[in-house]
Amino acid sequence: MPVKTLPDDAVDGTAPGARSAHEGILRRQSARESAARTYARALPIVPVRARGLTIEGADGRRYLDCLSGAGTLALGHNHPVVLDAIRKVLDSGAPLNVLDLATPVKDAFITELFHTLPPGLADRARVRFCGPAGSDAMETACELVRAATGRTGLIAFTGASRARDPGPLEASAGALDQVVRLPYPQDYRCPFGVGGERGADLAARWTESVLDDPGSGGPHPAGVIVEPVPGEGGVVPAPDAWLRRMRQLTADRSVPLIADEIETGVGRTGAFWAVEHSGVTPDVMVLSKAIGGSLPLAVVVYRDDLDAWEPGAHAGSFRGNQLAMAAGTATLAHVRKNRLAERAATLGARMLHQLQELAGEFPCVGEVRGRGLMIGVELVDPETEPGAGRVTGAAGDGDGGPPVMTDSVRRPHPAAPDLAADVQRECLRRGLIVGLGGRHTSVVRLLPPLTISDEQAAAVLDRLADAVRAAARCRQVVRQQRRTRE
């Protein structure tokens, strides 16, 4: 992939006064804010203005933002339709927080949301507003299926964003409740060492066994939670056939299927909702991030026969955010009417293809994967002995049994989180903001707004490729120096 000359906004030529103000704010943040802060550690910038894909810092530098508020900014920063919707509510004198009272703003949001839902769900859906974070929505969904089924246990899959943090799944559970985490199918680091359709089939069989075997260690669950593309888990799209199998397994056993669309929704993956790629209609959809048009909002959408709540159950003070509902309505409508999901599918496929050239150029790029404008680049250590993962060059036993190892077995190299952090820093030096994810934080993540132009996409790829090149070269020099000393 050729590297172009970086534009002026990637060059640090800031005035001393701006630099001093910038550094002072960062020092005060470090002294006064919690040690739990995350993005601020890896991205020492002070945003003061933003528009679309671009952020300007207090030091005057400009950046291309491919973090997008961790996926909350479907239309990028300060999109005109979002700002206009917010101004209309402010100028109207409408109340800004109304708990769960009906308002014209809320009615418009629900109507637009229903326009976008999978048909099998929209025809008989109920909406539950909850606290404004995705974790609030997931906790609400878990309480919903527990109330509807009278059961307490849950099944989730390894690597999923909210499955990695037990809080949302277990926050309201009793001491005896269980959250069973099962293997998630993936090709590059298959938990069974086979990958492909065989690996997905084994994962599905394991799930079926847990659902049917009373000795599996977990009770019959109140729900099964799937994330169609685990983002924080490393951007690993679920195989469509596996997701359809999950739908069939849960439907046959009267277990609600909960789709975590918190990050994948609103066109991000190339369909309005990621479950649409596989033709699956879940019983429950958990939504947040982009549905608020950059403002805090979360809802749970579910089949009407699951609506077993008592009045006042799982309430919260901030479930009536009128500004977020107005911004969300504008965002949903703009994505739908301008076919931005289809645009994400086309542009995302092109970006994936171009990024896959990196894997051929640099041994440290283990895999490039994703769906739509949700892209991950996994960094590995090519000089360390390969570890667990997909086995290539393995043959079956002829009877559909497990693969038999051969001399040509090849496994993925270990994840390289330090290298991924180096790439993130090199990206920032070049005026590109990216996130990290994956189970070892070794996956560089791209979540650009759906409004990104072809020219901007080319600039993002150029800067990322140059950052990978610089980080890999630096790593090689350090190792050569270490070998010389030894």
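Here are a few exercises on salt bridges and one helix, each with a worked solution.

This is a predicted model, where local features need pLDDT of at least 70, side-chain atom pairs count only at pLDDT 80 or more, and totals for chains, interfaces and linings use all residues. Residues are numbered from 1 along each chain as its sequence is written, and side-chain values use heavy atoms, with hydrogens and water left out.

**Exercise 1.** Find out which parts of the chain the salt bridge of Arg319 and Asp100 ties together.

*Solution.*
- Start with the term: a salt bridge is a side-chain nitrogen of Lys or Arg within 4 Å of a carboxyl oxygen of Asp or Glu.
- Arg319 and Asp100 fit, with their closest N and O atoms 3.2 Å apart.
- Now place them, using helices (H or I, at least four residues) and strands (E, at least two), which are DSSP runs numbered from the N terminus.
- Arg319 sits in the loop between β10 (299-303) and α12 (322-337), and Asp100 in the loop between α4 (80-92) and α5 (104-116), so the pair ties together parts 219 residues apart in sequence.

**Exercise 2.** Sort Arg319 and Asp100 into buried, partly exposed or exposed.

*Solution.*
- The cut-offs: buried is under 20% relative accessible area, exposed is over 50%, and partly exposed is in between (1.4 Å probe, protein chains only).
- Arg319 has a relative accessible area of 11%, so call it buried.
- Asp100 comes in at 48%, so it's partly exposed.

**Exercise 3.** Work out which helices are joined by the salt bridge of Arg350 and Asp454.

*Solution.*
- The two side chains meet at 3.3 Å, N to O.
- Arg350 belongs to helix α13 (residues 340-361) and Asp454 to helix α15 (residues 454-485), so parts 104 residues apart in sequence get tied together.
- Arg350 is partly exposed at 36% relative accessible area, and Asp454 is partly exposed too, at 40%.

**Exercise 4.** Check the span of α13, then say where its buried residues lie.

*Solution.*
- The expected span of a helix is 1.5 Å times one less than its number of residues.
- For the 22 residues of α13 that gives 32 Å, and the end C-alpha atoms are 32 Å apart, which agrees.
- Among the buried residues of α13 are Leu340, Ala344, Leu347 and Met351.
- Looking down the axis, the buried residues fall within an arc of 155 degrees (taken from the directions from the helix axis to the C-beta atoms), so they line one face of α13.
- The face turned away from that buried side carries the exposed residues His353 and Gly360.
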